[in-house]
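Biologist: I would like a close look at a single part of this protein, explained slowly enough for someone in a first year of study. Please take one helix and tell me how it sits among its surroundings.

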Amino acid sequence: MTDKLTARSSPGELVLSLRGVSKHFGAVSALTDIELDVRAGEVVALVGDNGAGKSTLVKVLAGVHQPSSGTITFSGKEVTLANPGAALDLGIATVFQDLALCENLDVVANIYLGRELNPLRLDEVAMEVRAWTLLNELSARIPSVRDVVASLSGGQRQTVAIARSLLLDPKLIMLDEPTAALGVAQTAEVLNLIERVRDRGHAVIMISHNMEDVRAVADRIVVLRLGRNNGVFYPDSSNQELVAAITGATENAVSRRAGRRQSEPGQQSAREPS
């Protein structure tokens with residue numbers, strides 16, 4: 001496994017670089033001068049309030065939208081992502097929030113959906129073996145690759161969607177709200193899976209509103225606000241700093257709570273007899 005990862009990309013290799021990327025929809029500016037770097041073996045979290053531009057940025061990188069200006073560099077070469085197929089061919093895979101799974105089909109069929117081996121005469125055995133191998137490499141908890149997706153939990157469905165994105169061995173994987181609407185155990189399962197994807201040497205961009213999930217797996221946290229960069233933070237940054245960057249307000253419930261906690265020890269000391 002180590003040799004395979006080394007051959008694909010050395011640790012820390014710059015996979016994606018955005019410089020001055022903007023996107024306009026008529027008179028509306030959804031993104032303005034976005035700058036972003038993502039390296040191999042790294043999880044970068046994109047956070048921001050609703051309307052911050054996170055989904056638009058992901059769609060630009062997925063080839064759904066074309067930027068109005070700016071440059072996108074992928075694996076050291078300036079690229080144009082004309083459509084989703086072009087992005088996928090370059091090595092950019094996206095797992096959107098709706099997962100786009102067919103519930104009436106089994107795990108193997110969903111992983112290979114649209115990429116079947118020998119489509120005129122399906123090689124079911126080879127597809128099943130490859131599916132099992134991929135899921136085992138991710139230590140995924142899937143009872144059987146012949147179970148229909150409708151019978152799987154939310155975390156298991158997310159696992160299938162991520163496994164499908166890995167089928168073509170992309171360099172960059174984008175995950176849109178991967179833990180949304182999941183229970184505690186399922187969330188932990190998905191976060192463990194994201195760590196294993198990173199350990200395989202892939203670069204990961206993760207969109208999430210859950211700061212605890214972000215802290216658990218992200219190496220860097222990039223904040224977007226009103227379509228612009230508004231700071232780069234790390235997992236040890238305080239909630240107060242993150243909330244201030246996301247909302248643009250330094251005075252909020254988090255900062256007030258932190259202030260009260262800081263003042264309490266001093267107040268208690270003042271009440272103690274000398």
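Modeller: In this predicted model, the part to begin with is helix H7, in which Thr-187, Glu-189, Val-190, Leu-191, Leu-193, Ile-194, Val-197 and Arg-198 are buried. These buried residues pack against several elements, namely strand E3, helix H6 (154-166), strands E7 and E8, and helix H8 (211-217). The helix itself has 16 residues, and from its first C-alpha to its last it reaches 23 Å, which is close to the 22 Å expected at 1.5 Å a residue. Just after H7, Gly-201 takes a positive phi of about 100 degrees.

Turning to how the helix is placed, H7 (residues 184-199) lies across strands E3 (43-47), E7 and E8, and it runs at about 150 degrees to E8. Another helix, H9 (residues 239-247), also packs on the sheet, where it touches E3, strand E9 (220-225) and E10, and its direction makes about 30 degrees with that of E9.

The sheet beneath this description is an open one, formed by 6 strands in the order E6-E7-E8-E3-E9-E10, with mixed pairing. Its edge strands are E6 (92-95) and E10 (228-233), each of which pairs on one side only, while neighbouring strands of the sheet are turned by 20 degrees against each other on average, direction ignored. Within that order, strand E7 (residues 172-176) and strand E8 (residues 203-207) run parallel and are joined by 5 bridges, and Asp-176 stands opposite Ile-207 in E8.

Terms used: Residues numbered from 1 in each chain as written. Predicted model: local features only at pLDDT ≥ 70, side-chain atom pairs only at ≥ 80, totals over all residues. Heavy atoms only, no water. Pairing = 2+ DSSP bridges. Helix = DSSP H or I, 4+ residues; strand = E, 2+ residues; numbered from the N terminus. Axes fitted to C-alpha atoms, helices over the stretch in contact; angles between N-to-C directions. Contact = heavy atoms within 4.5 Å. Expected span 1.5 Å × (residues − 1). Buried < 20%, exposed > 50% of the residue type's maximum accessible area, 1.4 Å probe, protein only.
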